[in-house]
Amino acid sequence: MAELKISDFKMFEKTPYEIPPPGPLTAIIISGLKEEEKTYGPVFPTRFIKHALEFEAQKIGEKPPQNIKDLDQLAEYLVSKSDKYPTPYCSILYAQYKTENEFQGQTGAGTRVGHIGAIRGISETLSDIKRNVDVDGILSKLSQMLTDMNFSPHEWGYKENGDGSVDFILPKCYFLDACRLAYDEKVLKRPDGRLACAISFAVAADFKIATGYEWDYTLLKFNNPHCIAQCYML
(Lines give C-alpha, C1' and ligand atoms only; values in the text may rest on other atoms or scores of the structure.)
Protein backbone atom coordinates (compact mmCIF):
# COMPACT_ATOMS: atom_id res chain seq x y z
CA MET A 1 0.00 0.00 0.00
CA ALA A 2 1.29 3.47 -0.91
CA GLU A 3 2.00 5.69 2.07
CA LEU A 4 -1.14 7.65 2.91
CA LYS A 5 -1.13 11.12 4.45
CA ILE A 6 -3.91 13.17 6.03
CA SER A 7 -3.91 15.35 2.89
CA ASP A 8 -5.05 12.30 0.89
CA PHE A 9 -8.35 12.19 2.80
CA LYS A 10 -11.55 14.22 2.85
CA MET A 11 -11.56 15.38 6.46
CA PHE A 12 -14.74 16.08 8.40
CA GLU A 13 -15.00 19.26 10.42
CA LYS A 14 -13.43 18.77 13.83
CA THR A 15 -15.89 18.27 16.66
CA PRO A 16 -16.21 20.97 19.34
CA TYR A 17 -15.12 18.39 21.93
CA GLU A 18 -11.80 16.51 22.12
CA ILE A 19 -13.28 13.32 23.59
CA PRO A 20 -16.86 12.11 24.12
CA PRO A 21 -18.37 12.72 27.57
CA PRO A 22 -17.96 9.59 29.71
CA GLY A 23 -21.54 8.63 30.61
CA PRO A 24 -23.45 8.08 27.35
CA LEU A 25 -20.73 6.21 25.45
CA THR A 26 -19.95 4.01 28.46
CA ALA A 27 -23.66 3.18 28.78
CA ILE A 28 -24.12 2.25 25.12
CA ILE A 29 -21.09 -0.06 25.10
CA ILE A 30 -22.27 -1.75 28.29
CA SER A 31 -25.71 -2.32 26.76
CA GLY A 32 -24.08 -4.18 23.87
CA LEU A 33 -22.01 -6.28 26.25
CA LYS A 34 -25.16 -7.56 27.90
CA GLU A 35 -25.85 -9.46 24.65
CA GLU A 36 -22.46 -11.16 24.94
CA GLU A 37 -23.30 -12.02 28.52
CA LYS A 38 -26.35 -13.91 27.24
CA THR A 39 -24.13 -15.84 24.82
CA TYR A 40 -21.23 -16.73 27.09
CA GLY A 41 -23.03 -17.04 30.42
CA PRO A 42 -22.29 -15.71 33.90
CA VAL A 43 -18.52 -16.29 33.75
CA PHE A 44 -18.24 -13.63 31.03
CA PRO A 45 -19.13 -10.59 33.20
CA THR A 46 -16.99 -11.94 36.05
CA ARG A 47 -13.87 -11.98 33.90
CA PHE A 48 -14.85 -8.80 32.10
CA ILE A 49 -15.30 -6.81 35.31
CA LYS A 50 -11.94 -8.05 36.60
CA HIS A 51 -10.09 -6.89 33.48
CA ALA A 52 -11.88 -3.52 33.33
CA LEU A 53 -11.13 -2.76 36.98
CA GLU A 54 -7.47 -3.74 36.57
CA PHE A 55 -7.15 -1.37 33.60
CA GLU A 56 -8.89 1.45 35.47
CA ALA A 57 -6.72 0.90 38.55
CA GLN A 58 -3.59 1.40 36.45
CA LYS A 59 -4.95 4.68 35.13
CA ILE A 60 -6.13 6.24 38.41
CA GLY A 61 -3.67 4.68 40.83
CA GLU A 62 -6.35 3.29 43.13
CA LYS A 63 -6.99 -0.24 44.31
CA PRO A 64 -10.05 -1.64 42.51
CA PRO A 65 -13.22 -2.12 44.60
CA GLN A 66 -14.33 -5.62 45.52
CA ASN A 67 -18.09 -5.04 45.49
CA ILE A 68 -18.67 -4.69 41.71
CA LYS A 69 -20.90 -7.62 40.74
CA ASP A 70 -22.54 -6.71 37.43
CA LEU A 71 -22.01 -4.59 34.32
CA ASP A 72 -24.28 -1.75 35.44
CA GLN A 73 -22.36 -1.39 38.71
CA LEU A 74 -19.13 -1.42 36.72
CA ALA A 75 -20.34 1.37 34.43
CA GLU A 76 -21.47 3.46 37.39
CA TYR A 77 -18.10 3.06 39.12
CA LEU A 78 -16.04 3.86 36.02
CA VAL A 79 -18.03 6.99 35.22
CA SER A 80 -17.73 8.12 38.85
CA LYS A 81 -13.94 8.15 38.39
CA SER A 82 -13.98 10.16 35.16
CA ASP A 83 -12.50 13.18 36.96
CA LYS A 84 -9.33 11.08 37.31
CA TYR A 85 -9.59 9.16 34.03
CA PRO A 86 -11.91 10.91 31.56
CA THR A 87 -12.27 8.03 29.08
CA PRO A 88 -13.76 5.15 31.12
CA TYR A 89 -15.00 3.58 27.89
CA CYS A 90 -11.35 2.64 27.26
CA SER A 91 -11.42 0.47 30.38
CA ILE A 92 -14.48 -1.26 28.95
CA LEU A 93 -13.11 -1.71 25.43
CA TYR A 94 -9.83 -3.13 26.74
CA ALA A 95 -11.75 -5.58 28.93
CA GLN A 96 -13.85 -6.59 25.94
CA TYR A 97 -10.78 -7.39 23.83
CA LYS A 98 -9.17 -9.28 26.71
CA THR A 99 -12.25 -11.28 27.65
CA GLU A 100 -13.29 -12.13 24.09
CA ASN A 101 -9.81 -13.47 23.40
CA GLU A 102 -10.09 -15.70 26.45
CA PHE A 103 -13.38 -17.01 25.09
CA GLN A 104 -12.18 -17.31 21.51
CA GLY A 105 -13.20 -20.63 20.02
CA GLN A 106 -16.40 -20.79 22.05
CA THR A 107 -19.96 -20.21 20.82
CA GLY A 108 -19.59 -18.92 17.31
CA ALA A 109 -16.25 -17.10 17.53
CA GLY A 110 -14.89 -18.96 14.51
CA THR A 111 -18.24 -19.32 12.77
CA ARG A 112 -18.45 -15.61 11.94
CA VAL A 113 -15.17 -15.79 10.03
CA GLY A 114 -16.43 -18.75 8.03
CA HIS A 115 -19.62 -16.92 7.16
CA ILE A 116 -17.65 -13.89 5.95
CA GLY A 117 -15.57 -16.08 3.64
CA ALA A 118 -18.65 -17.73 2.19
CA ILE A 119 -20.40 -14.41 1.62
CA ARG A 120 -17.30 -12.97 -0.09
CA GLY A 121 -17.20 -15.90 -2.52
CA ILE A 122 -20.85 -15.46 -3.44
CA SER A 123 -20.56 -11.68 -3.79
CA GLU A 124 -17.76 -12.00 -6.36
CA THR A 125 -20.28 -13.51 -8.77
CA LEU A 126 -22.70 -10.61 -8.45
CA SER A 127 -22.96 -7.62 -10.74
CA ASP A 128 -20.81 -4.56 -10.04
CA ILE A 129 -24.00 -2.48 -10.07
CA LYS A 130 -24.29 -3.02 -6.33
CA ARG A 131 -21.07 -1.03 -5.89
CA ASN A 132 -22.89 2.19 -6.76
CA VAL A 133 -22.65 3.38 -3.17
CA ASP A 134 -23.11 7.00 -2.11
CA VAL A 135 -20.05 7.04 0.12
CA ASP A 136 -20.12 10.82 0.60
CA GLY A 137 -23.76 10.77 1.63
CA ILE A 138 -23.48 7.78 3.96
CA LEU A 139 -20.41 9.05 5.78
CA SER A 140 -21.64 12.64 5.99
CA LYS A 141 -24.84 11.45 7.68
CA LEU A 142 -22.87 9.15 9.97
CA SER A 143 -20.45 11.92 10.95
CA GLN A 144 -23.30 14.32 11.71
CA MET A 145 -25.19 11.70 13.72
CA LEU A 146 -22.11 10.80 15.77
CA THR A 147 -21.34 14.47 16.37
CA ASP A 148 -24.91 15.15 17.52
CA MET A 149 -24.65 12.19 19.91
CA ASN A 150 -21.20 13.34 21.13
CA PHE A 151 -19.72 10.04 19.95
CA SER A 152 -17.70 11.21 16.94
CA PRO A 153 -13.91 11.14 16.88
CA HIS A 154 -12.56 14.69 17.18
CA GLU A 155 -10.99 14.40 13.73
CA TRP A 156 -11.38 11.82 11.00
CA GLY A 157 -11.68 11.52 7.25
CA TYR A 158 -12.08 9.11 4.33
CA LYS A 159 -10.90 8.31 0.82
CA GLU A 160 -12.78 6.36 -1.84
CA ASN A 161 -10.86 3.74 -3.81
CA GLY A 162 -11.43 2.61 -7.37
CA ASP A 163 -12.44 -0.90 -6.29
CA GLY A 164 -15.39 0.34 -4.19
CA SER A 165 -13.57 0.16 -0.87
CA VAL A 166 -13.17 3.14 1.44
CA ASP A 167 -10.09 4.05 3.47
CA PHE A 168 -10.54 6.20 6.52
CA ILE A 169 -8.10 7.81 8.91
CA LEU A 170 -8.20 8.51 12.65
CA PRO A 171 -5.42 10.92 13.61
CA LYS A 172 -6.25 10.51 17.29
CA CYS A 173 -8.85 8.00 18.44
CA TYR A 174 -10.46 8.26 21.87
CA PHE A 175 -10.12 4.47 22.25
CA LEU A 176 -6.35 4.52 21.74
CA ASP A 177 -5.45 3.84 25.39
CA ALA A 178 -7.39 0.58 25.29
CA CYS A 179 -6.04 -0.48 21.91
CA ARG A 180 -2.39 0.18 22.79
CA LEU A 181 -2.47 -2.07 25.83
CA ALA A 182 -4.53 -4.73 24.03
CA TYR A 183 -2.01 -4.63 21.17
CA ASP A 184 0.94 -4.98 23.55
CA GLU A 185 -0.76 -7.97 25.18
CA LYS A 186 -1.55 -9.47 21.77
CA VAL A 187 -5.32 -9.44 22.35
CA LEU A 188 -6.18 -6.66 19.87
CA LYS A 189 -7.30 -9.26 17.40
CA ARG A 190 -10.33 -10.77 15.79
CA PRO A 191 -10.92 -14.54 15.52
CA ASP A 192 -9.08 -14.64 12.17
CA GLY A 193 -6.02 -12.82 13.55
CA ARG A 194 -6.61 -9.40 11.98
CA LEU A 195 -6.43 -6.39 14.27
CA ALA A 196 -9.71 -5.25 15.79
CA CYS A 197 -10.99 -1.67 15.70
CA ALA A 198 -14.23 -0.53 17.34
CA ILE A 199 -14.60 2.56 15.13
CA SER A 200 -14.01 0.54 11.95
CA PHE A 201 -16.58 -2.01 13.07
CA ALA A 202 -19.12 0.79 13.58
CA VAL A 203 -18.42 2.27 10.12
CA ALA A 204 -18.75 -1.13 8.44
CA ALA A 205 -22.02 -1.72 10.31
CA ASP A 206 -23.33 1.64 9.14
CA PHE A 207 -22.49 0.81 5.52
CA LYS A 208 -24.36 -2.46 5.91
CA ILE A 209 -27.45 -0.65 7.19
CA ALA A 210 -27.25 1.98 4.44
CA THR A 211 -26.65 -0.40 1.51
CA GLY A 212 -28.24 -3.68 2.61
CA TYR A 213 -25.00 -5.56 1.85
CA GLU A 214 -22.44 -7.09 4.20
CA TRP A 215 -19.33 -4.99 4.84
CA ASP A 216 -16.10 -5.83 6.62
CA TYR A 217 -12.96 -3.91 7.54
CA THR A 218 -9.21 -4.35 7.78
CA LEU A 219 -6.97 -2.16 9.91
CA LEU A 220 -4.14 -1.14 7.58
CA LYS A 221 -2.10 0.92 10.05
CA PHE A 222 -2.27 1.01 13.82
CA ASN A 223 -0.94 4.05 15.69
CA ASN A 224 1.73 4.63 13.05
CA PRO A 225 1.32 7.54 13.75
CA HIS A 226 -2.37 7.42 12.81
CA CYS A 227 -4.84 4.57 12.51
CA ILE A 228 -5.92 3.86 8.92
CA ALA A 229 -8.56 1.27 8.09
CA GLN A 230 -10.29 0.04 4.95
CA CYS A 231 -13.98 -0.87 4.73
CA TYR A 232 -15.23 -2.94 1.82
CA MET A 233 -18.31 -4.72 0.59
CA LEU A 234 -18.24 -8.50 0.81
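A residue counts as buried here when its relative accessible area is under 20%. With that in hand, let's look around this predicted model. The protein chain has 234 residues, and 45% of them count as buried. You'll find 8 helices and 5 strands in the chain.

**The overall layout**
- Walk along the sequence and the pattern goes β-α-α-α-α-α-α-β-β-α-α-β-β.
- Take the contacts between residues at least 6 apart in sequence: 68% of them join residues at least 24 apart.
- On the outside, the chain exposes about 12,000 Å², with carbon and sulfur atoms supplying 53% of that.

**The nonpolar core**
- In soluble globular proteins, nonpolar side chains tend to get buried together.
- Here, the largest nonpolar core has 64 residues, and L139 and F175 have the most contacts inside it.
- Helix α4 (residues 88-103) chips in 8 residues, the largest share of this core.
- Setting aside neighbours within four places in sequence, L139 is in contact with F12, W156, Y158, V166, V203 and F207.

**A closer look at helix α2**
- Helix α2 covers residues 43-60, so to speak: 18 residues reaching 26 Å from first C-alpha to last, close to the 26 Å expected at 1.5 Å a residue.
- Its buried residues are F44, P45, F48, I49, H51, A52, L53, F55, E56, A57 and I60.
- The cover over those buried residues includes α1 (22-40), α3 (71-80), α4 and α7 (176-184).
- Right after α2 comes G61, which has a positive phi, near 70°.

Note on methods: Residues numbered from 1 in each chain as written. Predicted model: local features only at pLDDT ≥ 70, side-chain atom pairs only at ≥ 80, totals over all residues. Heavy atoms only, no water. Helix = DSSP H or I, 4+ residues; strand = E, 2+ residues; numbered from the N terminus. Buried < 20%, exposed > 50% of the residue type's maximum accessible area, 1.4 Å probe, protein only. Contact = heavy atoms within 4.5 Å. Areas by Shrake-Rupley, 256 points an atom, 1.4 Å probe, with all protein chains shown as cover. Core = buried A, V, L, I, M, F, W, Y, C linked by side-chain atoms within 4.5 Å. Expected span 1.5 Å × (residues − 1).
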